[in-house]
Amino acid sequence: MRQMSSLALMLASILALSALSGCANEDLKLADSSAKEQATIDLQPMGGAISDDCKEQEQNPKDGSASPEPGPLPLPDEMTYPPVAPGEDEQESVNDSEARQELLSTYGITITGKATEHDVQNTLVSARQFRPSDTKSLRINYAPFNRLRGVMGLYMLRRGADHGRIEMYDHVNLHTVFHEIAHHVTLYPRNTRARAISEQLLSEVPHARSNLSQVPAKYIPRDYARTNKYEFWAEFYTYLREKEEGIEGGYPCDGAFNPDERTRQIARQIFAEE
């Protein structure tokens, strides 16, 4: 695997934030780096996550210039990702636990690979934070080891595919799972309502559309959220929900994170109805 450029390696983890080879047929990938929990746009973010799909890449200029209009961008040649070969790791896990049944029947989430019961429970807790209509058509594969060094999770969305995909590595914590599922909720093409809410959030937060580096600290749970708007969404939703619901995700947020009520009201629309 060729060395990724510093810009490319952020994903996935949201995240939860990703790289691949033969990306011509892929649209989006987000990866999260385990060490710094950063999104890697190999595609991805949070903690470092990538999926079978390529991800849209958006630069976040630090010179004050406006970010380019959102849209699929070609992936850098340096970004490569060994595709997951069909095999034991990809076989659907045989487990009739109530958690797996709820994930599949209610949230449309299929778990494959070497998921432990702890992994399954983290997935269920994360899925329950969102509307079932926004989590459907998602496949999460728990790999027995980290194929991408430093990456904990990767969200992928392949052009023309009927599902999104998340690769999870090394039995990640709850926050990373939440972050990666948030990528699916905000990026899967069918989830137009969730995307509209996310765009509204971006418009509400000062400087979020023009330059994330200038966004006030009270809107940034951790610096990784400044990576790009995809990571901002995944981090903001994950940390806000953890903060308001008392969920221990595993990664403490910056103490300055305290969005105003108007911004919270917009963001809360993304979550499951009470």
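Strand β6 (residues 164-169) is mostly covered, with six of its six residues buried; buried means under 20% relative accessible area, exposed over 50%, and partly exposed in between, for a 1.4 Å probe and protein chains only. Strands (E, at least two residues) and helices (H or I, at least four) are DSSP runs numbered from the N terminus. The model is predicted: local features need pLDDT of at least 70, side-chain atom pairs count only at pLDDT 80 or more, and totals for chains, interfaces and linings use all residues. Residues are numbered from 1 along each chain as its sequence is written, and side-chain values use heavy atoms, with hydrogens and water left out.

**The strands around β6**

From β6, Gly 164, Ile 166 and Met 168 point one way, while Arg 165, Glu 167 and Tyr 169 point the other way. Residues on both sides are buried. The pairings below follow the rule that two strands pair if DSSP finds at least two bridges between them.

| Strands | Sense | Bridges |
|---|---|---|
| β4 (residues 138-143) and β6 | parallel | six bridges |
| β5 (residues 151-158) and β6 | antiparallel | four bridges |
| β3 (residues 109-113) and β4 | parallel | five bridges |

Between β4 and β6, Ile 140 has Ile 166 as its bridge partner, and Ala 143 has Tyr 169. Ile 140 also stands opposite Ile 111. β4 is itself mostly covered, as five of its six residues are buried. On the β5 side, the bridge partner of Met 156 in β6 is Arg 165. The hairpin of β5 and β6 has five residues between the strands, and Gly 160 takes a positive phi near 85° there.

**Helix α2**

In helix α2 (residues 117-127), the buried residues include Asp 119, Val 120, Asn 122 and Thr 123. Leu 124, Ser 126 and Ala 127 are buried as well. The cover over these residues includes α1 (98-105), β3, α3 (132-135), β4 and α4 (174-187).

**The nonpolar core and its helices**

A nonpolar core is a set of buried Ala, Val, Leu, Ile, Met, Phe, Trp, Tyr and Cys residues joined through side-chain atoms within 4.5 Å. The largest such core has 52 residues, and Ile 181, Leu 201, Phe 232, Phe 236 and Tyr 237 touch the most other members. Helix α6 (residues 229-245) gives the most to this core, with eight residues.

Contact means heavy atoms within 4.5 Å. Leaving aside neighbours within four places in sequence, Leu 201 is in contact with Phe 232, Trp 233, Phe 236, Tyr 237, Thr 263, Ile 266 and Ala 267.

Two packed helices are described by the angle between their axes and the distance between the axes. Axes are lines fitted to C-alpha atoms, for helices over the stretch in contact, and angles run from 0 to 180 degrees between N-to-C directions. Helix α5 (residues 192-204) and helix α7 (residues 261-268) pack at an angle of about 165°, with their axes 9 Å apart. Therefore α5 is roughly antiparallel to α7, a description used for angles over 145 degrees, whereas under 35 is roughly parallel, 65 to 115 roughly perpendicular and the rest oblique. At this interface, Ile 197, Gln 200, Leu 201 and Glu 204 in α5 meet Arg 262, Thr 263, Ile 266 and Ala 267 in α7.

The axes of α6 and α7 come within 11 Å and cross at roughly 105°, which makes α6 roughly perpendicular to α7. Here Phe 236, Tyr 237, Leu 240, Lys 243 and Glu 244 in α6 meet Thr 263, Arg 264, Ala 267 and Arg 268 in α7.
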